[in-house]
Amino acid sequence: MAAFESLSNRLQNVFSKLKGKGKVSEADVNDAMREVRLALLEADVNFKVVKDFIAKVKEKAIGLDVSKSFTPGMVIIDIVNKELTELMGGTQVKLVKANKPPTVIMMVGLQGAGKTTTSGKLAKLLQKGNHKPLLVACDIYRPAAIKQLQVLGEQIGAPVFSLGDKTSPVDIAKAGLQHAKDNGNDYVIFDTAGRLHIDEELMDELKRIHEHVTPDEVLLVVDAMTGQDAVNVAQSFHEQLELSGVVLTKLDGDTRGGAALSVKAVTGCPIKFAAMGEKIDSLEPFHPERMASRILG
Ligand code: GDP
């Protein structure tokens, strides 16, 4: 995977040095941790997250008295693996399902993050699970957003509800929800508008849609390539809208990994999905333990 390549290489280097040693002194552990710290900072992981992470790994390494182990390098890798997994949320967090269908999912995020594309991908994923999702086009501002959603819907054979770009997004959302109820759709995905930056007008509109459709899931779509910015965006959205999860997109690019490794720790929101390409089937449920193993190689 292109993402995390540099972080991955650096961590593997640190650990191969440790693995080569029959005995590991406390100084060796400290040296290794200094290198891990630098590697994480260079991968654009939040400063405080890195500090806490290193402290936890050191504490566990000392607790296990790795210097007495026959395979000290392996023990440390195992500790780092477990802590990386914890950092990204520990275990997979699944989509919430409404007690009474339809399950309402609101997709939010900045323009260009991949909201519309991800809405289509999520619909496809739900179809694979034998569900009948309805896509609702609430982004009336970005030229071609409605058309883009319709094309995606056509491609996967999912219905798309639109009232064009002259009706208010709140009214579209209300009508869309009713449409899903009338037509037996068990999931409704609202593709909302984004801006280049967070502004009050955008947040107000999202809050109004939220009020009217009371979503089971508010998923923030963030571009993993933007590193710490993605984490800051997540924090701002979370303060205003109470997110239920994050979708990281563009993990197929050469992101350094900072967003994936910091967003859960900083915001408390679980990463629920990862998008790894422009193709419609490139959305996967996010598995922290698999991601940690991929990073450590
Ligand atoms: P929106 O403004 O948030 O709705 O963003 P779009 O869904 O229009 O996506 C913006 C661009 O990012 C499009 O060119 C998408 O094809 C692209 N994109 C979205 N997700 C991914 C991804 O996971 N990987 C890559 N490489 N491109 C993506």
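Two strands pair if DSSP finds at least two bridges between them, and helices (H or I, at least four residues) and strands (E, at least two) are DSSP runs, numbered from the N terminus. The legends below use these terms for a predicted model, in which local features need pLDDT of at least 70, side-chain atom pairs count only at pLDDT 80 or more, and totals for chains, interfaces and linings use all residues. Residues are numbered from 1 along each chain as its sequence is written, and side-chain values use heavy atoms, with hydrogens and water left out.

**View 1. Strand 4 and its pairing with strand 2.** Here, L134 has V188 in strand 4 as its bridge partner. Strand 2 (residues 133-137) and strand 4 run parallel and are joined by 5 bridges. Strand 4 (residues 187-191) has 5 of its 5 residues buried, so the rest of the structure largely encloses it. Buried means under 20% relative accessible area, with exposed over 50% and partly exposed in between (1.4 Å probe, protein chains only). Y187, I189 and D191 point one way, V188 and F190 the other way, and all are buried. In a regular strand the side chains alternate between the two faces of the sheet.

**View 2. Strand 1 and its partners, strands 4 and 5.** Strand 1 (residues 103-108) runs parallel to strand 4, and 5 bridges join them. Look for M106, whose bridge partner in strand 4 is F190, and for M107, whose bridge partner in strand 4 is D191. Strand 1 also runs parallel to strand 5, through 4 bridges, and V108 stands opposite L220 in strand 5. In strand 1, 6 of the 6 residues are buried, so the rest of the structure largely encloses this strand. T103, I105 and M107 point one way from strand 1, while V104, M106 and V108 point the other way.

**View 3. The whole sheet and two helices packed on it.** The sheet is open and mixed in its pairing, with 8 strands in the order 3-2-4-1-5-6-7-8. Strand 3 (160-161) and strand 8 (283-285) stand at the edges with a single partner strand each, so one side of each is left without a neighbour in the sheet. Strand 6 (residues 245-249) and strand 7 (residues 271-275) pair in the parallel sense over 3 bridges, and V247 has F273 in strand 7 as its bridge partner. Helix 8 (residues 200-213) packs on the sheet and touches strand 1, strand 4 and strand 5 (217-223), its direction making about 175° with that of strand 1. Contact means heavy atoms within 4.5 Å. Helix 9 (residues 228-241) also packs on the sheet, touching strand 1 and strand 5, and its direction makes about 160° with that of strand 5.

**View 4. Helix 1 against helix 2.** Helix 1 (residues 5-19) and helix 2 (residues 26-42) pack with their axes 9 Å apart, at an angle of about 175°. That makes helix 1 roughly antiparallel to helix 2, a label for angles over 145 degrees. Axes are lines fitted to C-alpha atoms, for helices over the stretch in contact, and angles run from 0 to 180 degrees between N-to-C directions. Residues of helix 1 including L7, L11 and F15 meet residues of helix 2 including A32, V36 and A39.

Conventions
Parallel < 35°, antiparallel > 145°, perpendicular 65-115°, else oblique.
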